[in-house]
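Thank you all for coming; I would like to walk you through one structure today, going slowly from one part to the next. Please have a look at it first, and then we will start.

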Amino acid sequence: MPLVQNAKLKLYHAARTRAAMALWMLEELDEPFSIELLTLQKGDQRKPEYLAINPMGKVPTLVDGDTIVSEVSAICCYLADAYPKAGLAPAVHDPLRGPYLKWLFYSPSCIEPVMIDKALSRTAAPRTTSGWADYDTVISVVRDAVAKASPYLLGERFTAADIVIGSALRWGIQFKLLPDLPEFVAYVDLLNQRPALQRQLAYDASIEQQITA
Ligand SMILES: N[C@@H](CCC(=O)N[C@@H](CS)C(=O)NCC(=O)O)C(=O)O
């Protein structure tokens with residue numbers, strides 16, 4: 001892990017959160033970065049100095065020099081474009097850019113809301129009112145895409161969209177909020193083999209040990 005103190009790239013991170021996706025993304029980039037660890041249980045995310053960069057008081061937040069980005073998909077989108085050497089995004093005029101952006105934002109816009117409805121046993125808003133569809137439709141759309149993945153969503157090329165969609169599927173299956181369809185399991189298993197994801201998981205496991213020690 002190119003973890004370097006005072007690096008230009010800094011991730012505000014907390015273990016076992018959506019920030020894991022931003023950390024995985026940074027690991028894929030292979031650029032030096034530093035981590036500012038927040039302990040959510042202690043309320044670090046509501047301290048004035050953190051609210052100044054993320055007024056919602058949520059992790060993750062990425063700082064890159066003078067640029068501040070929050071929202072996981074926006075962070076992944078930003079990093080892939082700002083550090084193109086890693087090849088994690090199709091270029092703006094590449095025909096694959098459309099599906100890339102769609103999958104990058106499909107997770108927070110559609111998959112997360114239906115998972116949260118399920119987790120809270122909440123009656124879903126009518127699909128004509130909400131910005132997403134009913135659970136079965138949302139899942140079947142992503143299932144079709146994953147079934148066609150060869151091996152990644154956009155074909156041979158791994159992109160930031162795989163980080164966001166793959167993470168949603170991994171957590172959804174783990175917490176039984178998504179069905180463990182063979183297509184989902186095969187795709188998640190493939191992503192689990194990525195050394196960058198393994199480094200992120202090892203880092204989060206180590207900080208969790210420190211918090212609980
Ligand atoms: N829409 C945000 C969601 C971030 C989020 O909900 N983070 C949670 C952890 S998974 C958090 O910071 N919770 C602390 C709190 O709300 O106090 C994103 O995609 O980055």
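Let me begin with the shell of residues around the ligand, which divides into four nonpolar, three polar and four charged residues. Please keep in mind that this is a predicted model. Which residues are they, then, that we find around the ligand? They are Thr17, Arg18, Leu40, Gln45, Arg46, Gly57, Lys58, Val59, Pro60, Glu71 and Val72.

Some of these residues place an atom beside an oxygen atom of the ligand: for Gln45, a polar side-chain atom lies 2.9 Å from one, and for Lys58, a polar side-chain atom lies 3.0 Å from one. With Val59 it is a backbone N or O atom, and this atom lies 2.8 Å from an oxygen atom of the ligand. On its own the ligand has 520 Å² of accessible area, and the protein covers 80% of that.

Val72, which we met around the ligand, also belongs to helix H3, residues 72-82, where it is buried together with Ser73, Ile75, Cys76, Cys77, Leu79 and Ala80. What do the buried residues of H3 pack against? They pack against strands S1, S3 and S4, and also against helices H1, H4 and H6.

Finally, let us turn to Arg194, which sits in the loop between helix H7 and helix H8. Is Arg194 buried or exposed? It counts as buried, because its relative accessibility is 18% and the cut-off for buried is under 20%. If we leave aside its neighbours within four places in sequence, Arg194 is in contact with Trp24, Glu28, Tyr152 and Phe158.

Notes. Residues are numbered from 1 along each chain as its sequence is written. This is a predicted model: local features need pLDDT of at least 70, side-chain atom pairs count only at pLDDT 80 or more; totals for chains, interfaces and linings use all residues. Side-chain values use heavy atoms; hydrogens and water are left out. Helices (H or I, at least four residues) and strands (E, at least two) are DSSP runs, numbered from the N terminus. Buried means under 20% relative accessible area, exposed over 50%, partly exposed in between (1.4 Å probe, protein chains only). Contact means heavy atoms within 4.5 Å. A residue is near a molecule or strand if one of its heavy atoms lies within 4 Å of it. A polar contact is a pair of N or O atoms within 3.5 Å; within protein, one must be able to donate a hydrogen and the other to accept it, and residues adjacent in sequence count only if both atoms are side-chain atoms. Accessible areas come from the Shrake-Rupley method with a 1.4 Å probe; for residues, only the protein chains shown count as cover. Ala, Val, Leu, Ile, Met, Phe, Trp, Tyr, Cys and Pro count as nonpolar, Asp, Glu, Lys and Arg as charged, and the others, Gly among them, as polar.
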